[in-house]
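Take a look at the model below. We will go first to its ligand, then to its pocket.

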Amino acid sequence: MSSTPALVFEGVSKSYGATQAARDLDLSVLPGEMVTLIGPSGCGKSTALRLIAGLERPDAGRILVAGEEVAGPRRFVNPEKRRVGLVFQDHALFPHLTVTRNVQFGLHGLPRAERAARAAEVLELVRLGHLAGRYPHELSGGEQQRVALARALAPRPAVVLLDEPFSSLDENLRAQVRAEVVGVLRETGTTAIFVTHDQTEALSIGDRVVVMQGGRIEQADTPYRVFEQPATRFVASFMGDADFLRAHVHKALLTCEIGVVSTVPGWASADVDVDVVLRPHEVAITPEPGRNGDGPEVVDMEYHGAFVLHTVRLASGQTVRSWQPHSVRHPVGTPVRVSVVAGVTPTLLVGDHAVTAPPGTAS
Ligand code: ADP
């Protein structure tokens, strides 16, 4: 397999009037990689896709698809000439064309026989060969989405862009269609950029997760790192639940309101204030019946089925959350002791950025 990246962004920026929708984006995507793009509404996800597809021109920077510059200061390749496939949320199939005709639509450059053969091939790939003669309204939502995928794959694009492709499907169907679509993309070694607003989806299907905010990439990393080693306060709070407590590192010991949290190797000579990021699965609680005085107390208990989310108010008034197994239910008002689950090395923040070494030293 070629090692030329399937997609490269080099310092790409795009503004709409005073709104900077993409700010100095840098990203390189390997062939066959599946990248998920996530962030709050308005953070620039669609703008990034539109720039790749050629529906927008960057104000600055360059975009390369499979090694070819498709947008730059002196070059702009039109959308239909780019090796980019698109799958939208609403399928965008032509209602008056059969499934086969819809798939053939993107292949107009080819001789008729080749077009038919390629359409048949990709319809088999998405397991819809038997429905080739139907019209879109005769298909379920999931089948329509697979036709849209087949149409996008037919011209053998270097990159497929999927813009919230499952969000119009109902909950039950979504997991199944997602598994099918991801399966086909994996099977064909297709490079894919998925826009999603669903954290679980971003983490579970991405080889890499790109978290955006305010037109910037906050972090582009493996799902594990994005969740376990968030680079910024924003990523920590956006990807999964997180509580932030004021803390202090002194002689390699991290302490906060709940006591000693952990040791911080390499911080032996540090004496600094930080914020510690605690995720609900990292927080342990033990009931302390009959405890006197003010201390941590359960203020909310939410039953989620397999797990029960407990919210605990600390003496300072700050709250932390703790996941407990489904059989553990401490009612509101229960006095508890709060600690951090053994073995956890929580993320530390100075200001809005995660730090792995004491401030002022090289990390
Ligand atoms: P997302 O897809 O993450 O919701 P978008 O890329 O659609 O975000 O938008 C990023 C920002 O750019 C938003 O502030 C949005 O209002 C603005 N924007 C997007 N498209 C246009 C446009 N055609 N004209 C003006 N502003 C736009």
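How do the residues of the shell around the ligand divide into nonpolar, polar and charged? The split is four nonpolar, six polar and one charged. Here Ala, Val, Leu, Ile, Met, Phe, Trp, Tyr, Cys and Pro count as nonpolar, Asp, Glu, Lys and Arg as charged, and the others, Gly among them, as polar.

This is a predicted model, where local features need pLDDT of at least 70, side-chain atom pairs need 80 or more, and totals for chains, interfaces and linings use all residues. Residues are numbered from 1 along each chain as its sequence is written, and side-chain values use heavy atoms, without hydrogens or water.

The shell includes Tyr16, Thr19, Ala21 and Lys45; a shell residue has a heavy atom within 4 Å of the ligand. Helix 1 (45-53) and strand 2 (19-29) each supply at least two shell residues. Helix 1 gives the largest share, three residues. Helices (H or I, at least four residues) and strands (E, at least two) are DSSP runs, numbered from the N terminus.

Now the atoms. A ligand oxygen lies 2.7 Å from a polar backbone atom of Gly42. For Cys43, again a polar backbone atom, the distance is 3.1 Å. In Thr47, a side-chain N or O atom is 2.6 Å from an oxygen of the ligand.

Turn to the lining of the largest pocket. (A pocket is an open set of points on a 1 Å grid over the protein atoms alone, where a 1.4 Å probe fits, with protein on both sides within 12 Å along at least five of seven lines; lining residues have an atom within 4 Å of a point.) It has 24 lining residues, with Glu80, Val84, Gly85, Gly106 and Pro155 nearest its centre. Strand 7 gives the most, three residues.

Definitions and conventions: Polar contact = N/O pair within 3.5 Å; in protein donor to acceptor, adjacent residues only side chain to side chain.
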